[in-house]
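Here's a friendly walk through a protein model and the ligand it holds. Have the structure open and follow along.

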Amino acid sequence: MVNKKQKKRILTGDRPTGPLHIGHYVGSLANRVKLQEEHECFFIIADYQVLTDHLSETAKISQNIKEIVLDYLAVGLDPQKSAFFVQSRIPEIAELTMYFSMLVTVPRLQRNPTVKEEMAAAKIGKKELSYGFLGYPVSQAADILSIRANLIPVGEDQLAHIEQTREIARAFNRLFGEVFPVPEPLLGSFPRLPGIDGQKMSKSRNNAIYLKDSPQEVTKKVMQAYTDPTRIRATDPGHLEGNVVFAYLDAFCQDKEELKTLKEKYKKGKIGDVEVKKRLVQILNEFLTPIREKRQHFEARPKLVGEILKTGIDETRQEAKETLSLVRKAMHFDYKDIL
Ligand code: TRP
């Protein structure tokens, strides 16, 4: 299927579980800022998905949605070019989820490796697994296909869901006729940034550097960051593998000559951890200053932020309504002879 505007349509997004961190920036947001120049972009704030493993914390979702919109605006996602929307505010997604749920078998859902990992992380066993948690990849397929998106920029962990989405699109088209494009994942090229402790960067591990962190917070976190445990004195030769400080420098140091020199010196034991960390703090704060300023600009204008979200929801709903009218027609669910 070809979109009206002949541009590729993109959908990706985030769960509103907290503010976004520098790992999100490197792995995804930087790429989105570029993609919005050439594509029609939709960014979903997936509030239904928070219910899968944070059902007792729904009171926080509203604030988290606000934080994410502010982070989007702060890094330069542009509401003039892209639509930001909240998943639960598009009722067509819920309707589509219902139809799609009939096209997926339970054993197929039980094989999804990302769902399994998330169950383990949330300490949810097979016996406690809710129908909604098991089935959320179906709802994610509805997110994507409700606007008939073509390209889905995601990290590795989401590939299993995109594969399920593709299967659902094909199954629907086979049964009812061509309604959906079969979307493609678009994998980011930058490796995932570790948290300051060397583990996966995440809010729950308390090891993230947030885009909204103050210069003092950034300094404190970088000074605690994991480097090379084999290095006792600054004159010992240092290792770069698994070294969080150098992982961050790889991502944020624009001056590649300087980076090379720092690495050489570190390997030879000619520069101490503290000195490298101080330079990293400078580099990170230089990167974050304009982002913080832009965030403050919008933070001071909560009404504007609300308007941006409402506009994005309206734009998305318009597309989703069109899709659902095609879906109902294809399924003979429009009942046009009686209603
Ligand atoms: N599951 C994604 C995450 O946890 C968020 C998401 C929801 C999403 N719907 C989507 C991503 C549709 C891409 C396309 O980060």
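The sections below start at the ligand and then move out to rings, charges and loops.

## Around the ligand

Keep in mind that what you're looking at is a predicted model. A good place to begin is the ligand, and the question of which residues surround it. The shell is made up of L11, T12, G13, R15, I44, A46, Q49, Q140, D143, I144, I152 and Q158. Sorted by class, that gives five nonpolar, five polar and two charged residues. Two elements, β1 (9-14) and α7 (131-146), each bring at least two residues to this shell.

Some of these neighbours touch the ligand through polar atoms. D143 has a polar side-chain atom 2.8 Å from a ligand nitrogen. Q49 also puts a polar side-chain atom by a nitrogen of the ligand, at 2.9 Å, and Q158 does so at 2.9 Å too. How much of the ligand does the protein cover? Of the 370 Å² of accessible area that the ligand has on its own, the protein covers 90%.

## Rings that pair up

Now look for the aromatic side chains: the structure holds 13 aromatic pairs. One of them joins Y99 and F333 in an edge-to-face arrangement, with 5.5 Å from centre to centre and 80° between the planes. Y99 belongs to helix α4 (residues 91-100) and F333 to the segment after α13 (302-330), so this pair ties together parts that sit 234 residues apart in sequence.

Are the two partners buried or exposed? Y99 counts as buried because its relative accessibility is 12%, under the 20% limit. F333, at 36%, falls between the 20% and 50% limits, so it is partly exposed. Elsewhere, ring pairs link F100, F172, F176 and F180 into a cluster.

## Charges over rings

Remember R15 from the ligand shell? Its charged end sits over the ring of Y136, 4.9 Å from the ring centre.

R231 does something similar with another tyrosine: it lies over the face of Y266, 4.2 Å from the ring centre. You'll find R231 in the loop between α9 and α10 (244-252). With a relative accessible area of 10%, R231 is buried, because that value is under 20%. And what does its side chain reach on the backbone? The side chain of R231 reaches the backbone oxygen of A234 at 2.8 Å and the backbone oxygen of D236 at 2.9 Å.

## Helix α8 and a neighbouring loop

Next stop is N173, which is part of helix α8 (residues 159-176). Its relative accessibility is 9%, so N173 counts as buried. The N173 side chain makes a contact with the backbone, reaching the nitrogen of V179 at 3.0 Å.

L103 sits in the loop between α4 and α5 (106-110). At 23% relative accessibility, L103 is partly exposed. Its C-alpha atom is 7.4 Å from that of F172, although the two residues are 69 apart along the chain. F172 is a name you've met already, as a member of the ring cluster.

## The loop between β5 and α9

Two residues are worth a look in the loop between β5 (184-187) and α9 (215-224), and A208 is one of them. A208 is buried, with a relative accessible area of 4%. Which residue does its C-alpha atom come within 7.7 Å of? That is I22, and the two are 186 residues apart along the chain.

N206 lies in this loop as well. N206 is exposed, at a relative accessible area of 71%, because that value is over 50%. N206 also has a positive phi of about 60°, although it is not a glycine.

## The segment after α13

Finally, go to the segment after α13, where Y335 is placed. Y335 isn't a glycine, yet it has a positive phi, in this case about 45°. At 35% relative accessibility, Y335 counts as partly exposed. This segment also holds F333, the ring partner of Y99.

Key:
Residues numbered from 1 in each chain as written. Predicted model: local features only at pLDDT ≥ 70, side-chain atom pairs only at ≥ 80, totals over all residues. Heavy atoms only, no water. Near = heavy atom within 4 Å. Polar contact = N/O pair within 3.5 Å; in protein donor to acceptor, adjacent residues only side chain to side chain. Areas by Shrake-Rupley, 256 points an atom, 1.4 Å probe, with all protein chains shown as cover. Helix = DSSP H or I, 4+ residues; strand = E, 2+ residues; numbered from the N terminus. Nonpolar A, V, L, I, M, F, W, Y, C, P; charged D, E, K, R; others polar. Phe/Tyr/Trp six-rings, centres within 6.5 Å; stacked < 30°, edge-to-face > 60°. Buried < 20%, exposed > 50% of the residue type's maximum accessible area, 1.4 Å probe, protein only. Lys NZ or Arg CZ within 6 Å of the ring centre and 35° of its normal.
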